[in-house]
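This briefing introduces the architecture of one protein model to a reader who is new to structural description. Please keep the structure in view while reading.

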Amino acid sequence: MSAKIDFSKISFLVVDGDKISAQVVFDTLSYLGATAVQRVRSPNDAFEILRTQQIDIIVTEWRLRGMDGLEFLDVLRNSVNSPNRFIPVIMLTAHSETRYVTTARDLGITEFLAKPFNAKALYSRLVSVITRPRHFVNTGSYFGPDRRRRQVDFDGPDRRSPDDE
């Protein structure tokens with residue numbers, strides 16, 4: 001665990017309908033030093049907290065009651081009523097196949113974490129969203145963190161101008 005971060009200064013919201021899964025995330029965050037961790041079971045409860053309290057990072061399960069984690073993310077990123085379109089979101093799921101990762105990425109997920117996970121894996125996602133935040137991109141079909149993790153110089157004929165991004 002390379003970077004040293006004081007997690008006691010960061011507020012977390014865990015959105016997970018499964019009590020045991022939410023407890024594992026809570027315990028892992030506590031182990032890392034987090035002291036401001038709230039847990040809710042549904043996206044609607046999450047939106048209520050986001051409207052009234054300062055939350056720095058969301059950790060959400062893909063499968064939720066009422067609306068799934070992707071619908072939650074879509075509303076969070078794209079609704080005019082969203083309490084915070086820019087908040088980092090780490091999505092947890094037991095489904096780590098490429099199509100799931102791609103779908104979450106295309107809806108604006110900040111980080112993806114496959115279950116089962118360990119403290120080191122969650123820590124690395126947290127370090128990523130805290131120490132290397134990505135710029136947000138707003139196009140006609142996408143709003144969310146820049147999907148490119150690496151910035152590579154490209155001077156080919158298909159190079160987009162900065163105005164196209």
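The points below cover the sheet, the helices that lie across it, the helix contacts, a charged pair and an unusual peptide bond.

The model is predicted. Its strands include an open sheet of 5 members with parallel pairing. Helices α2 and α3 each lie across three of the strands, α2 over β1, β2 and β3, and α3 over β1, β3 and β4.

**The sheet**

- The strands of the open sheet follow the order β2-β1-β3-β4-β5.
- Strands β2 (36–40) and β5 (111–114) stand at the edges; each has a single partner strand, so one side of each is left without a neighbour in the sheet.
- From one strand to the next, the twist averages 20°.
- Strand β4 (residues 89–93) and β5 run parallel and are joined by 4 bridges.
- Across this pair of strands, Thr-93 stands opposite Ala-114 in β5.

**Helices across the sheet**

- Helix α2 lies across β1 (11–15), β2 and β3 (57–61), and runs at about 160° to β1.
- Helix α3 lies across β1, β3 and β4, and runs at about 170° to β4.

**Contact of α2 with α3**

- Helix α2 (residues 43–52) packs against helix α3 (residues 69–78) at an angle of about 30°, and their axes are 10 Å apart.
- Because angles under 35 degrees count as roughly parallel, this angle makes α2 roughly parallel to α3.
- The crossing in which α2 passes α3 is right-handed.
- On the α2 side, the contact is formed by Pro-43, Ala-46, Phe-47 and Leu-50, which meet Phe-72, Val-75 and Leu-76 in α3.
- By type, the residues of this contact of α2 with α3 are 7 nonpolar, no polar and no charged.

**Contact of α1 with α5**

- Helix α1 (residues 19–31) and helix α5 (residues 119–131) pack at an angle of about 70°, and their axes are 10 Å apart.
- Because angles of 65 to 115 degrees count as roughly perpendicular, this angle makes α1 roughly perpendicular to α5.
- Thr-28, Leu-29 and Tyr-31 in α1 meet Ala-119, Leu-122 and Leu-126 in α5.
- The residues of this contact of α1 with α5 comprise 5 nonpolar, 1 polar and no charged.

**Salt bridges**

- Side chains of opposite charge can pair when their charged atoms come close.
- The structure holds 6 salt bridges.
- One salt bridge is formed by the side chains of Arg-51 and Glu-48, at 3.5 Å from N to O.
- Arg-51 and Glu-48 are 3 residues apart in helix α2, and therefore about one helical turn separates them.

**A cis peptide bond**

- Most peptide bonds are trans.
- Lys-115 and Pro-116, however, are joined by a cis peptide bond, with omega about -5°.
- Pro-116 is located in the loop between β5 and α5.

Note on methods: Residues are numbered from 1 along each chain as its sequence is written. This is a predicted model: local features need pLDDT of at least 70, side-chain atom pairs count only at pLDDT 80 or more; totals for chains, interfaces and linings use all residues. Side-chain values use heavy atoms; hydrogens and water are left out. Axes are lines fitted to C-alpha atoms, for helices over the stretch in contact, and angles run from 0 to 180 degrees between N-to-C directions. Helices (H or I, at least four residues) and strands (E, at least two) are DSSP runs, numbered from the N terminus. Angles under 35 degrees count as roughly parallel, over 145 as roughly antiparallel, 65 to 115 as roughly perpendicular and the rest as oblique. A crossing is left-handed if the near helix is turned anticlockwise from the far one by less than a right angle, and right-handed if clockwise. Contact means heavy atoms within 4.5 Å. Ala, Val, Leu, Ile, Met, Phe, Trp, Tyr, Cys and Pro count as nonpolar, Asp, Glu, Lys and Arg as charged, and the others, Gly among them, as polar. Two strands pair if DSSP finds at least two bridges between them. A salt bridge is a side-chain nitrogen of Lys or Arg within 4 Å of a carboxyl oxygen of Asp or Glu.
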